[in-house]
Amino acid sequence: LQLLGERDRYLWFNGEDNYVSVFIDEFSFGVVYGVTLDFWWFVEELNKHQQMGIYTSGEPRLYLGAHEDNRVFGSVGDSYDGFGELTLGWHHLAIKASSNIMSDDIAMIYLDGNLLGAFMFMGSSVGGIFTIGARGSNFSRPMRGVIREVKLWKRELSSSEIKDSMNGLIIPECEEGVYPDLGYWPLNEGTGNTVQNRVNGSYDP
């Protein structure tokens, strides 16, 4: 895989104490909406738990990253699982889920635009501290490498939309219903102590 743009334009996370946190209001999964998290990551270290997202012990959560056995590992609600094998270098990761009263609640994990696997989950809402580069409000399982194009959607993207997001074909500034309505962090500031959420214009430390 090749990624357009210079690597040194984007934020590098040291795998120890680098992260960006922002509060995300609680929202509920539904038949129409759901949730999707996707991002690009230049993986620099393997055989280590490395995850980002919303995590509070004992509470519903949403996170995605790597397991210490190098599976792509994620969680939705009260359930979690991992699939495939992560390698060093650039990868696009995504997890999506929705709650449907007509069928089982299914979460799906993608790597580089391809579906790796799916698991059933329990839990109908997610909210709290969303952290880029580490997991939730306790900043555990920090990630090492360059991270860019983090998007958090309040709906379940289709498989083709996940590929479009991966390839930069979904432009966050376009018409309503297409941009990530919870957050879009390009992480291309280059310098400074804050990053911009392009959805609402806020700057997060």
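Me: What makes strand β5 (residues 61-66) count as mostly covered?

Reply: The burial count does it: six of its six residues are buried. Buried here means under 20% relative accessible area. Bear in mind that this is a predicted model.

Me: And β4, why is that strand said to be largely enclosed by the rest of the structure?

Reply: The reasoning runs the same way: five of the five residues of β4 are buried, so the rest of the structure largely encloses this strand. β4 covers residues 50-54.

Me: How do you know that β4 and β5 pair, and in which sense?

Reply: Pairing takes at least two bridges found by DSSP. β4 and β5 have five, and they run antiparallel. Two of the matched positions are easy to pick out: I54 stands opposite L62 in β5, and Q50 stands opposite A66.

Me: What makes β4 and β11 a pair?

Reply: Two bridges join them, again in the antiparallel sense. The cut-off is at least two bridges, so that count is enough. Here I54 turns up again, opposite F130 in β11.

Me: What joins β5 to strand β6, and how do the two run?

Reply: Six bridges link β5 to β6 (residues 72-77), and the strands are antiparallel. L64 has G74 as its bridge partner in β6. The two strands form a hairpin with five residues between them, and N70 in the turn has a positive phi of about 75°.

Me: F130 came up opposite I54. Which residues touch the most other members of the largest nonpolar core?

Reply: F130 is one of them, along with I132 and V150, in a core of 38 residues. The strand that gives the most to this core is β3 (residues 35-43), with five residues.

Me: What does I132 touch, if residues up to four places away in sequence are not counted?

Reply: I132 touches F13, Y19, V20, M52, I147, V150, W185 and L187. Another core lies apart from the largest one; it has six residues, among them F42, W90, V146 and M166.

Me: Why is W153 called buried?

Reply: Its relative accessibility is 0%, so W153 counts as buried with a cut-off of under 20%. W153 lies in strand β12.

Me: What makes the link between the side chains of W153 and D38 a polar contact?

Reply: The computed distance is 2.9 Å, and the limit for such a pair of N or O atoms is 3.5 Å. W153 also has a far-off sequence partner: G183 is 30 residues away in sequence, yet the two are 7.0 Å apart in space, C-alpha to C-alpha.

Me: How do you know that R135 has no salt bridge?

Reply: A salt bridge needs the charged atoms within 4 Å. For R135, the nearest side chain of opposite charge is E68, 12 Å away, and R135 is buried all the same. R135 sits in the loop between β11 (125-132) and β12 (144-153).

Me: What polar contact does the side chain of R135 have?

Reply: The partner is the side chain of Q51, at 3.2 Å. That distance falls inside the 3.5 Å limit. Beyond its neighbours within four places in sequence, R135 is in contact with Q51, M52, G53, Y55, Y63, S140 and R141.

Me: What is notable about the phi of F139?

Reply: Phi is near 55° there, a positive value in a residue other than glycine. Most residues other than glycine have a negative phi. F139 is found in the loop between β11 and β12.

Me: Why does F139 count as partly exposed?

Reply: Its relative accessibility is 30%. Partly exposed covers what lies between the buried cut-off of 20% and the exposed cut-off of 50%, so the label fits.

Me: And D112, why is that one buried?

Reply: D112 has a relative accessible area of 19%, and buried means under 20%. D112 also has a positive phi, about 55°, although it is not a glycine. Its place is the loop between β9 (106-111) and β10 (114-120).

Me: What share of the residues in the chain is buried?

Reply: Buried residues make up 52% of the 205. The chain has one helix and 15 strands. Among contacts between residues at least 6 apart in sequence, 64% join residues at least 24 apart.

Methods. Residues are numbered from 1 along each chain as its sequence is written. This is a predicted model: local features need pLDDT of at least 70, side-chain atom pairs count only at pLDDT 80 or more; totals for chains, interfaces and linings use all residues. Side-chain values use heavy atoms; hydrogens and water are left out. A nonpolar core is a set of buried Ala, Val, Leu, Ile, Met, Phe, Trp, Tyr and Cys residues joined through side-chain atoms within 4.5 Å. Buried means under 20% relative accessible area, exposed over 50%, partly exposed in between (1.4 Å probe, protein chains only). Helices (H or I, at least four residues) and strands (E, at least two) are DSSP runs, numbered from the N terminus. Contact means heavy atoms within 4.5 Å. Lys and Arg count as positive and Asp and Glu as negative; His and the chain ends are not counted. A polar contact is a pair of N or O atoms within 3.5 Å; within protein, one must be able to donate a hydrogen and the other to accept it, and residues adjacent in sequence count only if both atoms are side-chain atoms.
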